[in-house]
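The following report describes a metal site, a ligand pocket and a stretch of sheet, in that order of interest to someone who works with atomic coordinates. Please keep the model open beside the text while reading.

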Amino acid sequence: MATRSPIINVMIKAADRAARGLKRDFGEVEQLQVSPKGPSDFVSTADIKAERAVREELVKARPTYGLLMEESGVTPGTDGQHRWIVDPLDGTTNFLHGLPHFCISIALERAGEVVAGVILDPIRDDLYWAERGIGAYLNGRRIRVSSRRNLGEALLATGIPFQEHGDHSAFAAELSAVMPKVAGVRRFGAAALDLAYVASGRYEGFWESGLQPWDMAAGILLVREAGGYVTEIGGGENMLDSGSVLAANDQLHGTIQRLLTSSEPWKRPRAQP
Ligand code: IPD
Ligand code: CA
Ligand code: CA
């Protein structure tokens with residue numbers, strides 16, 4: 001059992017508070033599927049309430065830190081060094097459809113570098129956390145990326161562009177390059193959990209374009225602290241700015257990257273997400 005630092009405890013407390021509300025609201029959403037209006041407004045409110053709960057806990061514990069939150073945007077801090085990066089509900093489309101796969105993601109950046117991350121899956125009660133230089137943990141146990149080195153045995157996950165989002169033909173070409181070579185490709189719909197699953201060895205790799213910093217910040221640290229590699233799909237290191245991410249175990253990252261970038265769209269300029 002790892003000893004948790006005070007900062008990780010602050011993050012877990014904030015995630016836990018949001019999780020309690022989301023779990024309650026998720027029960028309602030399942031009922032609302034059959035109502036003619038559907039659960040959209042209810043889910044937006046649940047999302048905003050979750051963000052408010054996280055914000056209150058973080059600000060109470062560290063009043064001088066800045067915030068970057070999906071719903072409320074940027075709140076500058078007064079200490080100039082620290083910034084929380086928060087997605088209060090990652091996997092909104094799943095939540096909206098009554099699919100029990102979503103999470104809360106909280107990262108802490110210090111001087112522009114992510115130093116701590118917490119991802120909480122309230123339905124499975126899975127708590128992932130990582131701290132720079134200390135390791136990555138799931139429910140108190142150290143986690144490692146998988147050790148599979150054979151691409152033919154690899155299970156990958158991805159994010160599929162959707163209505164009015166992303167470069168659909170570029171994604172189709174990446175998928176065509178990858179799918180004949182691997183054991184399977186999944187689309188679970190919560191990028192933060194996708195990264196947590198790479199960190200805990202459930203899948204060998206995950207790639208997606210068009211993400212936001214709050215989708216990735218905590219998960220990238222988890223994968224790195226679990227011994228995996230994370231870059232942009234094209235190989236650069238500016239994932240939080242570009243929205244492009246490829247996370248994989250140390251054995252297969254290079255192979256998957258070569259495969260993705262061998263697809264035709266990588267040879268021409270890409271459309272912006
Ligand atoms: C989304 C999820 C999804 C990814 C989308 C994200 P949200 O976040 O992470 O897996 O494919 O690009 O926007 O909207 O559920 O917080
Ligand atoms: Ca998200
Ligand atoms: Ca969200």
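Which residue has a backbone N or O atom 3.2 Å from an oxygen atom of ligand 1? That residue is A190, and the description below starts from this contact, with the reminder that the model is predicted.

**Ligand 1 and its surroundings**

Besides A190, the residue A191 also places a backbone N or O atom by the ligand, at 3.0 Å from an oxygen atom of ligand 1, whereas E70 contributes a polar side-chain atom that lies 3.4 Å from an oxygen atom of ligand 1. Taken alone, ligand 1 exposes 380 Å², and the protein buries 84% of that area. The ligand is surrounded by 13 residues, of which the closest are D90, G91, T92, R187 and E208.

**The two calcium ions**

E70 has a second role in this model, since its OE atom is listed among the protein donors of the calcium ion (ligand 3), together with OD of D87 and the backbone O of L89. The table sets the two ions side by side.

| Ion | Protein donors | Donor distances | Spacing in sequence |
|---|---|---|---|
| calcium ion (ligand 2) | D87 (OD), D90 (OD), D215 (OD) | 2.1 to 2.3 Å | D-x2-D-x124-D |
| calcium ion (ligand 3) | E70 (OE), D87 (OD), L89 (O) | 2.1 to 2.4 Å | E-x16-D-x1-L |

D87 appears in both rows, as it coordinates both the calcium ion (ligand 2) and the calcium ion (ligand 3), which lie 3.7 Å apart. The donors D90 and D215 link distant parts of the chain, for D90 sits in strand 3 (residues 82–90) and D215 in helix 6 (residues 213–225), 125 residues apart. Both D90 and D215 are buried. Because its relative accessible area is 1%, D87 counts as buried, and L89 is likewise buried, with a relative accessible area of 0%.

**Strand 11 and its partners**

E208, one of the closest residues to ligand 1, belongs to strand 11 (residues 205–208), and both faces of this strand are covered. In a regular strand the side chains alternate between the two faces of the sheet. In strand 11, G205 and W207 lie on one side while F206 and E208 lie on the other, and all four of these residues are buried.

Strand 11 pairs with strand 9 (residues 155–158) in the parallel sense over three bridges, and within this pairing F206 is the bridge partner of A157. With strand 13, on the other hand, strand 11 runs antiparallel and is joined by four bridges, where W207 stands opposite L246.

**A247 in strand 13**

Is A247 of strand 13 (residues 245–248) buried or exposed? A247 counts as buried, because its relative accessibility is 0%, and the cut-off for that term is under 20% relative accessible area. The contacts of A247, leaving aside residues up to four places away in sequence, are with L195, V198, E204, G205, F206, V223, Y229 and V230. Two of these partners, G205 and F206, are residues of strand 11 already described as buried. The C-alpha atoms of A247 and G205 are separated by 5.5 Å, although the two residues are 42 residues apart along the chain.

Methods:
Residues are numbered from 1 along each chain as its sequence is written. Chains are lettered from A and ligands numbered from 1 in the order in which they are written. This is a predicted model: local features need pLDDT of at least 70, side-chain atom pairs count only at pLDDT 80 or more; totals for chains, interfaces and linings use all residues. Side-chain values use heavy atoms; hydrogens and water are left out. Donors are N, O and S atoms within 2.8 Å of the metal (3.2 Å for Na, K and Ca); water is not among the atoms, so sites may look incomplete. Buried means under 20% relative accessible area, exposed over 50%, partly exposed in between (1.4 Å probe, protein chains only). Contact means heavy atoms within 4.5 Å. Helices (H or I, at least four residues) and strands (E, at least two) are DSSP runs, numbered from the N terminus. Two strands pair if DSSP finds at least two bridges between them. A residue is near a molecule or strand if one of its heavy atoms lies within 4 Å of it. A polar contact is a pair of N or O atoms within 3.5 Å; within protein, one must be able to donate a hydrogen and the other to accept it, and residues adjacent in sequence count only if both atoms are side-chain atoms. Accessible areas come from the Shrake-Rupley method with a 1.4 Å probe; for residues, only the protein chains shown count as cover.
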